[in-house]
Amino acid sequence: MLLVVTYSRAARQTLRNACEAHEETVVRRLGRAALFEETEFGAFLALRLRAEYGVDVQVERTEPLNEFEAVPDAVREAARAYADRDHASTPYAKFAAGDDHPDPGAMKDSEL
């Protein structure tokens, strides 16, 4: 997919217009951003915006995250356990302390 992020009001308006005119190419709209299908036409729409607005438009190529392939089991299990915690206000560092869940500092330093 192609992620298009806009940083000016004019670029946002043009992105909205492009999304409305070409719904078949839009995977998802996200306010200041949109995901386009990774097709030549999706690239055309993204690059047209960047050609018109320059640095006010950022275009990135993305791919969906396969959590079972890219994320260690311990991290997935910790995310599930944290989502099911007893007290919603408990920060993760406190939740994980003294448990088998990964340390937040270690996770920040570990790339997928």
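Let us start with one pair of residues: Arg-28 has Leu-35 as its bridge partner in β3. Keep in mind from here on that the model you are looking at is predicted. The strands that meet around this pair are β2 and β3, which run antiparallel and are joined by 3 bridges. Together β2 and β3 make a hairpin with 3 residues between the strands, and in this hairpin Gly-31 takes a positive phi near 75°.

Now follow β3 to another of its partners. Strand β1, residues 2-6, pairs with strand β3, residues 33-36, in the antiparallel sense, and 4 bridges link the two. If you would like a landmark here, find Val-4, which stands opposite Ala-34 in β3.

With these pairings in mind, we can step back to the whole sheet. The sheet is open and has 4 strands in the order β2-β3-β1-β4, with antiparallel pairing. Why do β2 and β4 each have one side without a neighbour in the sheet? Strand β2 (26-29) and strand β4 (57-61) stand at the edges and have a single partner strand each, so one side of each is left free of a neighbour in the sheet. From one strand to the next, the twist averages 20°.

Two helices pack on this sheet, and we can take them in turn. Helix α1, residues 9-21, touches β1, β2, β3 and β4. The direction of α1 makes about 35° with that of β3. Helix α2, residues 40-53, also packs on the sheet, where it touches β1, β3 and β4. Between the direction of α2 and that of β4 the angle is about 150°.

As you trace the strands, one general point may help: in a regular strand, side chains alternate between the two faces of the sheet.

Let us move on to the aromatic rings. The structure holds 4 aromatic pairs. One of them is formed by Tyr-92 and Phe-95, whose ring centres are 6.2 Å apart and whose planes make an angle of 40°, a tilted arrangement. Where do these two residues lie? Tyr-92 and Phe-95 are both in helix α5 (residues 92-96), 3 residues apart, which is about one turn of the helix. Tyr-92 is buried, and Phe-95 is buried too.

The picture grows with another ring, as Tyr-82 forms one aromatic cluster with Tyr-92 and Phe-95. Finish your tour at Tyr-82 itself: Arg-85 lies over the face of this ring, at 3.8 Å from the ring centre.

Terms used:
Residues are numbered from 1 along each chain as its sequence is written. This is a predicted model: local features need pLDDT of at least 70, side-chain atom pairs count only at pLDDT 80 or more; totals for chains, interfaces and linings use all residues. Side-chain values use heavy atoms; hydrogens and water are left out. Two strands pair if DSSP finds at least two bridges between them. Axes are lines fitted to C-alpha atoms, for helices over the stretch in contact, and angles run from 0 to 180 degrees between N-to-C directions. Contact means heavy atoms within 4.5 Å. Rings of Phe, Tyr and Trp (its six-membered ring) pair if their centres lie within 6.5 Å; planes under 30 degrees apart count as stacked, over 60 as edge-to-face and the rest as tilted. Buried means under 20% relative accessible area, exposed over 50%, partly exposed in between (1.4 Å probe, protein chains only). A charge sits over a ring if NZ of Lys or CZ of Arg is within 6 Å of the ring centre and within 35 degrees of the ring normal.
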